[in-house]
Amino acid sequence: MENHTYPKNMFLLEGLKVTQQSSYPAFILLLIIYIFTMVSNIGLILLISMERSLHQPMYILFCNLPLNDALGATVIVPRLLSDIFVASPDRYINDVACAIQAFCAHIFGTTSHTILIIMAFDRYVAICNPLRYATIMTNRMIAKLTVFAWGSAFLLVGVLLGLTLSLSRCRSEIFNPFCDNASLFKLSCESVIINNIYGLTFTILLLGSSIGSVTLTYLKIAMVCVRNKNRVLNSRALQTCSTHLSVYIIMLVSGFIIIFLHRFPQWADHRKLSAILFNVVPPWLNPVIYGLQTKEIRQKIFNKFHNNKVTV
């Protein structure tokens, strides 16, 4: 048991560990990144919503990604910003807010995979079955894929956090920049073997289905491109797939760094920083990658800016 006394139903959160001299630069940098992340992601959703020419299955499914990125950044960054100028012994968070933050953080991580899975399916149908694309990717199918991406995440994360929140607590100090499942079940003195087994199963299932489905999809797409001698179609397929693959690799590498650093307790501070970056870097880069590499979206953005200049 800890010797410190904490307010009832409150946890002491470690937050972002920065020196007093670097607190202002860290605050300004995080704030700029957060504002850019929110403006760019919400801007993409609004652009696709308002432009009828972008009301296609690929872009409608893509809207899930900036929505999830905005969620992931909002769950973590505002709290980090508010804690930067708060003394470490005073960084309290109530148990309900902590549970909500942990739930949303894991939803963001899980849907980052499931959304890219359904987007890979869309690319597979478009390239491997172009003649049947319109009959397969109907509004009903888009709705089913969207429900799958979010529904499976809510189910998996709900069970994960449900098991953790059912544990009794004998500690109140969270040694992490933000609340997550691992930091919450470490507050208990009960056996957490069931939590560990489910957490491992959850991770293997998610990563296995994600990597397996995306790899299989791109292998089939590559086979179709090799057999197809049309350079124009192959070039378009490569362009659309490279955008999706770039976003997927950035997300995957960011996640694997956290998993890798978990194996080395002496690198705990590096792991905590990488956990923050997982919620900051992909949401910041994704709209840039899709905005610049996707021709239709890029043209619409340039047209908006051009029309605004003409009007002025």
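Where is leucine 155 found? In helix H6. Let's start there and work outwards. One caution before we go on: this is a predicted model.

Stay with leucine 155 for a moment. Is leucine 155 buried or exposed? Its relative accessibility is 59%, and exposed means over 50%, so leucine 155 counts as exposed. Now look for isoleucine 107. In sequence, isoleucine 107 and leucine 155 are 48 residues apart. In space, their C-alpha atoms are 9.6 Å apart.

Next, the helices. Two packed helices are described by the angle between their axes and the distance between the axes. Take H4 and H6. Helix H4 covers residues 95-128, and helix H6 covers residues 139-165. They pack at an angle of about 150°. Their axes are 8 Å apart. Because of that angle, H4 is roughly antiparallel to H6. The cut-off for that label is over 145 degrees. As for handedness, H4 passes H6 in a right-handed crossing.

What kinds of residues make up the contact of H4 with H6? There are 17 nonpolar residues and seven polar ones. There are no charged residues in the contact.

Now a second pair of helices. Find helix H1, residues 23-50, and helix H3, residues 64-84. Their packing angle is about 160°, and their axes are 10 Å apart. That makes H1 roughly antiparallel to H3. Which hand does the crossing of H1 and H3 have? It is left-handed.

While you are on H3, pick out leucine 65, which sits in that helix. Leucine 65 has a relative accessible area of 3%, so leucine 65 is buried. Threonine 114 is 49 residues from leucine 65 in sequence. Measure from C-alpha to C-alpha in the model, and the two are 9.9 Å apart.

On to the rings. How many aromatic pairs does the structure hold? Eight. Here is one to look at: phenylalanine 103 with phenylalanine 154. Their ring centres are 5.6 Å apart. Their planes are at 65°, so this pair is edge-to-face. Where do these two residues sit? Phenylalanine 103 is in helix H4 and phenylalanine 154 is in helix H6. They are 51 residues apart, so to speak of distant parts of the chain is fair. Both rings belong to residues that are partly exposed: phenylalanine 103 at 23% relative accessible area, and phenylalanine 154 at 42%. There is also an aromatic cluster, formed by Tyr24, Phe27 and Phe85.

Last topic: cysteines. A disulfide is a covalent bond between the sulfur atoms of two cysteines. How many disulfides does a search of the whole structure find? Two.

Disulfide one joins cysteine 98 and cysteine 179. The sulfur atoms are 2.0 Å apart. The torsion about the S-S bond is about -110°, so this disulfide is left-handed. Cysteine 98 lies in helix H4. Cysteine 179 lies in the loop between strand E3 and helix H7. The two are 81 residues apart, and the pair links distant parts of the chain. Cysteine 98 is buried, at 0% relative accessibility. Cysteine 179 is buried too, with a relative accessible area of 0%.

The other disulfide joins cysteine 170 to cysteine 189, with S to S at 1.7 Å. Here the value about the S-S bond is 85°, and the link is right-handed. Cysteine 170 is in the loop between H6 and E3, while cysteine 189 is in the loop between H7 and helix H8, so the bond ties together parts that are 19 residues apart in sequence. Are these ends buried or exposed? Cysteine 170 is buried, at 15% relative accessibility. Cysteine 189 is exposed, at 51%.

Count the bonded cysteines along the chain, and the pattern is 1-3, 2-4.

Which cysteine sulfur is nearest to that of cysteine 63? That of cysteine 241, and it is 19 Å away. Cysteine 63 is in no disulfide. It is buried, with a relative accessible area of 16%. Then there is cysteine 104. Its closest cysteine sulfur is in cysteine 179, 11 Å away, which is too far for a bond.

That's the tour.

Note on methods. Residues are numbered from 1 along each chain as its sequence is written. This is a predicted model: local features need pLDDT of at least 70, side-chain atom pairs count only at pLDDT 80 or more; totals for chains, interfaces and linings use all residues. Side-chain values use heavy atoms; hydrogens and water are left out. Axes are lines fitted to C-alpha atoms, for helices over the stretch in contact, and angles run from 0 to 180 degrees between N-to-C directions. Helices (H or I, at least four residues) and strands (E, at least two) are DSSP runs, numbered from the N terminus. Angles under 35 degrees count as roughly parallel, over 145 as roughly antiparallel, 65 to 115 as roughly perpendicular and the rest as oblique. A crossing is left-handed if the near helix is turned anticlockwise from the far one by less than a right angle, and right-handed if clockwise. Ala, Val, Leu, Ile, Met, Phe, Trp, Tyr, Cys and Pro count as nonpolar, Asp, Glu, Lys and Arg as charged, and the others, Gly among them, as polar. Rings of Phe, Tyr and Trp (its six-membered ring) pair if their centres lie within 6.5 Å; planes under 30 degrees apart count as stacked, over 60 as edge-to-face and the rest as tilted. Buried means under 20% relative accessible area, exposed over 50%, partly exposed in between (1.4 Å probe, protein chains only). A disulfide is a pair of cysteine sulfur atoms within 2.5 Å.
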